[in-house]
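User: I'd like a close look at the nonpolar packing in this protein, please. Start with what the term means, then follow the pieces that tie into it.

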Amino acid sequence: MAKLVISNADARRLWIWTNGLSSTPTGPCDLMGIVNRLGFVQIDTIRNVTRAHNHILWSRNQNYREGAIWSHLKNRELFEHFTHDASLIAGEVLPYWAKQFRRLGAHVARHEWYQSRLAKDQIAQIVDRIRREGALSTHAFDTKVESREMWARPPHKKALDQLWYAGDLATCHRKNFVKYYDLAERVFPEHGPIEDVQATDWLCHQALDRLSFGTAGDIQRFWDAMGAQEAKGWVAHQRELVEVEVICADGTSHPVFAHPEIVTRLMKAPAPTSRLRLLNPFDPMIRDRKRTERLFGFEYRNEMFVPKAKRVWGYYVYPLLEGARFVGRIELKADRKTGLLIVTGFWAEPGVKWGPQRRAKLEAELARFARFACLSEITWNVPTA
């Protein structure tokens, strides 16, 4: 049987649908339905306009409101831990996460940056204090930062992080985005032990379900909860996977493994809405920059931590998705004192014309985004599109 070839247009359409971005983002907001479909939502400290997790969820349903996700952490439908970054993870994943707790716990214990310089008895005192007093934030402790480096943390914060990565402590809740740590046994629902092999199998199946198609590396990087060889070994033993060729934006083909129901998915996935969408830099659809470039011909990188003089675009730049292609990128910031959403940079993609209709679409999306962030006016500090 000839290998299935997926055209670039079909691959884009399927990937947008797989990420929950095909439909116009309106109607009743099934928040946990969105999170379960994505698997997890990355959280980030930067509040340029709104925090990343809020934007990601709003992109999928614009009836979502800032901060609504935290009640689902508090009632244990979600748990917070580290995938490729700090994330709110669907609760169904927790029973399969024990290996990730051990893996990351061992990693940070070895890593010089995380060494807390607190003696074991001092760390035990931190745990005992949480046991006695209940959930505590890092502000409840008073050890001092030992250096002036950008990412420096006080010893107690490093100790809390070590215990959190290892799964000994868990995020109980957050207040004003401040994390409160509690004993994992008091936060995580009880579940029976699951063998590592079974956990790897489940996580790989779930990753491919949320990718629709990908390489062993794509599957491994989805949760970032196993090594590359484990993912390759899993793929090698899965007879139901479909080997396909995906046509890239540049016309080349890329061999990947697809979900067993790939043909059904290709038939089911609708054409994406023609609405112009403002995506967050941490949105799962563009998290894998190489995949984004292969499928869409759109080169994107996050330059928040790149020195200003070396940035190609800007500090916090939002890709603009219209239908099944990226048509530009825009840099925004909020001035909450004056209620302004400020456009500080705009770049059209090569070959994309910005006529009145497309400009109107952008203005409409900016207005929706401003309302979401409780901003009352939009101002351009660069030439209009």
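Analyst: A nonpolar core here is a set of buried Ala, Val, Leu, Ile, Met, Phe, Trp, Tyr and Cys residues joined through side-chain atoms within 4.5 Å. Buried means under 20% relative accessible area, exposed over 50%, partly exposed in between (1.4 Å probe, protein chains only). Bear in mind that this is a predicted model, where local features need pLDDT of at least 70 and side-chain atom pairs 80 or more, while totals for chains, interfaces and linings use all residues. Numbering runs from 1 along each chain as its sequence is written, and side-chain values use heavy atoms, with hydrogens and water left out.

On to the packing itself. The largest nonpolar core takes in 56 residues. Inside that core, the residues with the most contacts are Val 93, Trp 97, Leu 203, Trp 223 and Met 285. Its top contributor is helix α9 (residues 196–211), which puts in seven residues; helices are DSSP runs of H or I, at least four residues, and strands are E runs of at least two, numbered from the N terminus.

Leu 203 is a handy place to zoom in. Skip its neighbours within four places in sequence, and Leu 203 is in contact (heavy atoms within 4.5 Å) with Val 93, Tyr 96, Trp 97, Trp 223, Ala 225 and Met 226. Val 93, Trp 97 and Trp 223 are on that contact list, and they also appear among the best-connected residues of the core.

There's also a second, separate core of 44 residues, and Ile 46, Leu 276, Leu 341 and Phe 369 are among its members. Leu 341 leads us straight into a sheet, since this residue sits in β14, opposite Ala 334. Strand β14 (residues 340–348) pairs with strand β13 (residues 325–335) in the antiparallel sense, over eight bridges; pairing calls for at least two DSSP bridges between the strands. The β13 and β14 hairpin has four residues between the strands, and there Gly 339 takes a positive phi near 75 degrees. β14 has another partner too: strand β15 (residues 377–380), in the parallel sense, over four bridges. One of the matched pairs puts Leu 340 with Glu 377 of β15.

For a contrast at the level of single residues, try Leu 169 and Lys 157. Leu 169 is found in strand β6 (residues 169–175), and it counts as buried because its relative accessible area is 2%. Beyond its neighbours within four places in sequence, Leu 169 has contacts with Ile 130, Leu 160, Leu 163, Trp 164, Tyr 181, Asp 182, Leu 183 and Ala 184. Leu 183 is 14 residues away along the chain, yet the C-alpha atoms of Leu 169 and Leu 183 are separated by 4.6 Å.

Lys 157 belongs to helix α7 (residues 155–165). Here's a lysine that also qualifies as buried, because its relative accessible area is 16%. With its neighbours within four places in sequence set aside, Lys 157 is in contact with Thr 138 and Tyr 181. Tyr 181 therefore turns up on the contact lists of both Lys 157 and Leu 169, with contact defined as above.

If you want somewhere to start on your screen, click on Leu 203 and its contacts, Trp 97 and Trp 223 included, then move to Leu 341 in β14 for a member of the second core.
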